[in-house]
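Good morning, and thank you for coming. I would like to take you through one structure this morning, beginning with its aromatic rings and then turning to a pocket and some individual residues.

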Amino acid sequence: MKQFAKKILVTGGAGFIGSHVVRRLLKKYPDYLIVNADKLTYAGNLENLIDVDSLPNYRFEKLDIVDADSVHSVFSKYEITDVIHLAAESHVDRSIEGPMEFVMTNVVGTANLLQAAKDTWKGESNHVFHHVSTDEVYGSLGDEGLFTEETPYDPRSPYSASKASSDHFVMAYFHTYGLPIKMSNCSNNYGSHHFPEKLIPLMIHNIQHKKPLPIYGKGDNIRDWLWVEDHASAIDAIFHNGRVGESYNVGGLNEWTNIELVRFLCQLMDEKLGRKTGESEELITYVTDRAGHDKRYAIDASKLEQELGWTPSITFEVGLSKTVDWYLENQSWVEKVTSGSYKDYYQTMYANR
Ligand code: NAD
Ligand code: DAU
């Protein structure tokens, strides 16, 4: 195998955030081998990487991280030197309907990767296992305050409980075995290639097609939104320059209630689609609240900003406008990723290339 400076296993690279991380690493570090290992669940689509998948430093492995033997095989096949771990079941509503898949992928899958890294690296310190996690592990905030890295864990959904458990395993492998880990806990991401079950891409799709806009409860829950490419740049900074054994919060100080955000999207899209002002807002429909719905998330990212000089690159207004434009220009992507038959077709096509 050609000499690469690093051989990085990126798990979940066919998903929303993972595809942005893979794209950034492939382009910025041509001397790194990037091995994208992904099970290709409903949320993983190789279509997300079609613009970069012919680059010489890219490899794809279809891998279920729950299968420990296969995880070990990928480590030895590519002599993996580093891991950026994003693979997960990521949707809170799905975790309420069916928690066990979340336990398997998020907890058992993470433990399998940690074990393979420990067995392969054998105590060497010149490696990094970067675990990508969420602010949801901290629970729910009241009207005041921000999550810091010292906020006690208080997960409240099956999704966040599975991510909190995975975080604890990561820290346990650092403390017990000296595995060189780094961790990041990020707020809500938005941007291109976001599967249209999450709030922002679902609302864009429904506004475009004049379908009801389902707002859970009163719409007064608050989320702190970050441009996905800024999350990718934060992961890059932490992976390279963060301190081993530390976690870093990532967020953009950009809080919105869900209803304010959806109204803003409606205005933006009325303008872009040439509709009369207020037309799309008429689609707003209040529906039964999510069980155990966390009230507010908000991140204090000052550790990341002060230690590593990271800051978000664009405002929410600019990022949301670019996101809407991407969805309006890529309607075929939405149709493809929401069609099961397309996935089978594309996997066959990819295997034959
Ligand atoms: P996503 O659902 O878009 O993508 C997840 C990817 O993981 C998919 O490509 C899927 O095929 C893959 N995957 C799922 N199960 C797998 C398995 N058993 N083996 C191998 N691959 C598997 O998720 P996302 O929104 O891109 O999130 C990526 C990571 O970032 C997750 O760990 C998530 O917890 C974390 N995170 C997400 C956000 C957010 O706002 N989306 C915020 C903070 C942290
Ligand atoms: O905070 C980081 C987390 O953000 C990530 O760890 C998760 O992987 C990611 O899915 C996201 O979780 P949320 O539950 O916050 O995202 P979601 O897009 O599902 O919902 C955002 C808010 O919008 C939440 O308060 C629920 C509400 N909502 C969501 C949907 C899908 C609605 O009101 N209507 C909807 O149809």
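**Aromatic pairs, a pocket and selected residues**

Across the whole structure, a search finds 15 aromatic pairs. Please keep in mind that this is a predicted model.

A pair of aromatic rings is described by the distance of the centres and the angle of the planes. Let me begin with F147 and Y297. Their ring centres are 6.3 Å apart and their planes stand at 40 degrees; the pair is therefore tilted, since an angle under 30 degrees would count as stacked and one over 60 as edge-to-face. Where do F147 and Y297 lie? F147 is in the loop between β5 (128-134) and α5 (158-177), while Y297 is in the loop between β12 (284-287) and α9 (302-308), so the pair ties together parts that are 150 residues apart in sequence. Are these two residues buried or exposed? F147 has a relative accessible area of 1% and is buried. Y297, with a relative accessible area of 2%, is buried as well.

A further pair is formed by Y327 and W333, and this one is edge-to-face: the distance is 6.1 Å centre to centre, with 80 degrees between the planes. Both Y327 and W333 are buried.

Rings also join into a group: Y190, W227, W256, F264 and F316 are linked by ring pairs into a cluster.

Aromatic rings have charged partners here too. K118 places its charged end over the ring of Y177, at 4.6 Å from the ring centre. In the case of K303, the charged end sits over the ring of Y248, 4.6 Å from its centre.

I turn now to the second largest pocket. Its volume is about 270 Å³. Of the 13 residues that line this pocket, H20, R23, S192, W227 and E229 are the closest to its centre. W227 is thus a residue we have met before, as a member of the ring cluster. Which elements give two or more residues to the lining? They are α1 (16-28), α7 (228-241) and α10 (316-329). By character, the lining residues divide into three nonpolar, five polar and five charged.

Why does this pocket lie between two domains? Domain 1 (6-188 + 226-250) and domain 2 (190-223 + 255-298 + 315-348) both contribute residues to its lining, so the pocket lies between them.

Helix α10 also holds W326. At 17% relative accessibility, W326 counts as buried, because the limit for that class is under 20%. The C-alpha atoms of W326 and V35 are separated by 27 Å, and these residues are 291 apart along the chain.

Next, some backbone angles. Most residues other than glycine have a negative phi. E79 is not a glycine, yet has a positive phi of about 50 degrees. This residue, E79, lies in the loop between α2 (68-78) and β4 (82-85). H193, also a residue other than glycine, has a positive phi near 65 degrees. The loop between β7 (188-190) and α6 (199-208) contains H193, and H193 is buried, with a relative accessible area of 11%.

Finally, consider S140, which is found in the loop between β5 and α5. With a relative accessible area of 26%, S140 is partly exposed. S140 and M171 are 31 residues apart along the chain, and their C-alpha atoms are separated by 22 Å.

Thank you for your attention.

Conventions
Residues are numbered from 1 along each chain as its sequence is written. Chains are lettered from A and ligands numbered from 1 in the order in which they are written. This is a predicted model: local features need pLDDT of at least 70, side-chain atom pairs count only at pLDDT 80 or more; totals for chains, interfaces and linings use all residues. Side-chain values use heavy atoms; hydrogens and water are left out. On a 1 Å grid over the protein atoms alone, a cavity is a set of points where a 1.4 Å probe fits but cannot get out, and a pocket is an open set with protein on both sides within 12 Å along at least five of seven lines; lining residues have an atom within 4 Å of a point. Grid points are joined across faces, edges and corners, and a volume is the space filled by probe spheres set on the points. Helices (H or I, at least four residues) and strands (E, at least two) are DSSP runs, numbered from the N terminus. Ala, Val, Leu, Ile, Met, Phe, Trp, Tyr, Cys and Pro count as nonpolar, Asp, Glu, Lys and Arg as charged, and the others, Gly among them, as polar. Domain bounds come from an automatic or database domain assignment. Rings of Phe, Tyr and Trp (its six-membered ring) pair if their centres lie within 6.5 Å; planes under 30 degrees apart count as stacked, over 60 as edge-to-face and the rest as tilted. Buried means under 20% relative accessible area, exposed over 50%, partly exposed in between (1.4 Å probe, protein chains only). A charge sits over a ring if NZ of Lys or CZ of Arg is within 6 Å of the ring centre and within 35 degrees of the ring normal.
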